[in-house]
Amino acid sequence: MGTTEKLQVIKEVLANTFMLATARAQQYGLQFTYKSYPVEVEATDETEGFKAWHVDIMVKEAAYPEVIIQQFRYPRPDGIDAKNMEYHVLVEVIAAFTETSVFTWLQVGKMMNTDEDLQKQIINEATQSNFTTDEPKQDL
């Protein structure tokens, strides 16, 4: 699979991920988007020029403007074309999302394992409300 095809696949995966996350968060008035783009800064007398690739992660809350909540910035080495650069940056972004999620789950698991008051509160909430897990939809 060539770079163009790999880039298209990863863009589709990321777009579908953001669409699904937005669909789940709409009940809270949230919309998630991202923007992936090249950056080129020309050299001046005081500074060196450089090339980079940025990915902005944005959230829009109902009645509020869109806000960048995270920006990933990667310097672009000489000799790498834009498609290869964007592909590698998007892989890094997905890895960062995964790392953050797994680390968060680990920390929550540790808290739940040691905090008896939190355990009781979770059990109480689960037994008194319509508590369900998100089950995968068959039509995906």
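**Sheet, helices and a buried aspartate in a predicted model**

Three strands form an open sheet in the order 1-2-3, and their pairing is antiparallel. Strand 1 (30-41) and strand 3 (67-75) are the edge strands; each has a single partner strand, so one side of each lacks a neighbour in the sheet. From one strand to the next, the twist averages 15°. The model described here is predicted.

The pairing of strand 1 with strand 2 is antiparallel and extends over 12 bridges. Within this pairing, phenylalanine 32 has valine 59 of strand 2 as its bridge partner, and glutamine 31 is matched in strand 2 by lysine 60. Strand 2 is joined to strand 3, also in the antiparallel sense, by eight bridges. Here methionine 58 has isoleucine 68 of strand 3 as its bridge partner.

Strand 2 and strand 3 form a hairpin in which five residues separate the two strands. Alanine 63 is located in the loop between these strands. With a relative accessible area of 81%, alanine 63 is exposed, because the threshold for that class is over 50%. Its backbone is also notable: the phi of alanine 63 is near 70°, a positive value in a residue other than glycine. Most residues other than glycine have a negative phi.

At the other end of strand 1, valine 41 was examined; this residue belongs to strand 1. Valine 41 has a relative accessible area of 33% and is therefore classed as partly exposed. When residues up to four places away in sequence are not counted, valine 41 touches Gly49 and Phe50. The C-alpha atoms of valine 41 and methionine 112 are separated by 48 Å, the two residues being 71 residues apart along the chain.

Two helices were considered in relation to the sheet. Helix 1 (residues 3-25) lies across strand 1 and strand 2 and runs at about 145° to strand 1. Helix 2 (residues 82-114) packs on the sheet, where it touches strand 1, strand 2 and strand 3. The direction of helix 2 makes about 45° with that of strand 2. Alanine 96 is a residue of helix 2, and its relative accessibility of 18% places alanine 96 in the buried class, because the limit for burial is under 20%. From C-alpha to C-alpha, alanine 96 and phenylalanine 72 are 9.6 Å apart in space, with a sequence separation of 24 residues.

A search of the whole structure identifies one salt bridge. Side chains of opposite charge can pair when their charged atoms come close. The bridge is formed by the side chains of lysine 11 and glutamate 86, at 3.5 Å from N to O. This pair links distant parts of the chain, with lysine 11 in helix 1 and glutamate 86 in helix 2, 75 residues apart. The two partners fall into separate accessibility classes: lysine 11, at 30% relative accessibility, counts as partly exposed, whereas glutamate 86, at 8%, counts as buried.

Aspartate 56, by contrast, is buried yet has no salt bridge. Aspartate 56 lies in strand 2 (residues 50-61). The nearest side chain of opposite charge is that of lysine 35, which is 4.4 Å away. This pair is not counted as a salt bridge because the criterion requires the side-chain nitrogen to lie within 4 Å of a carboxyl oxygen. The side chain of aspartate 56 does make a polar contact, at 2.7 Å, with the side chain of glutamine 71. With residues up to four places away in sequence not counted, aspartate 56 touches Thr33, Tyr34, Lys35, Tyr37, Ile68, Gln70 and Gln71.

Histidine 54 is likewise placed in strand 2. Its relative accessibility is 11%, so histidine 54 counts as buried. Under the sequence exclusion of up to four places, histidine 54 touches Lys35, Ser36, Tyr37, Val39, Gln71, Phe72, Arg73 and Tyr74. Lys35, Tyr37 and Gln71 thus appear among the contacts of histidine 54 and also among those of aspartate 56.

Technical notes: Residues numbered from 1 in each chain as written. Predicted model: local features only at pLDDT ≥ 70, side-chain atom pairs only at ≥ 80, totals over all residues. Heavy atoms only, no water. Helix = DSSP H or I, 4+ residues; strand = E, 2+ residues; numbered from the N terminus. Buried < 20%, exposed > 50% of the residue type's maximum accessible area, 1.4 Å probe, protein only. Lys, Arg positive; Asp, Glu negative; His and termini not counted. Polar contact = N/O pair within 3.5 Å; in protein donor to acceptor, adjacent residues only side chain to side chain. Contact = heavy atoms within 4.5 Å. Pairing = 2+ DSSP bridges. Axes fitted to C-alpha atoms, helices over the stretch in contact; angles between N-to-C directions.
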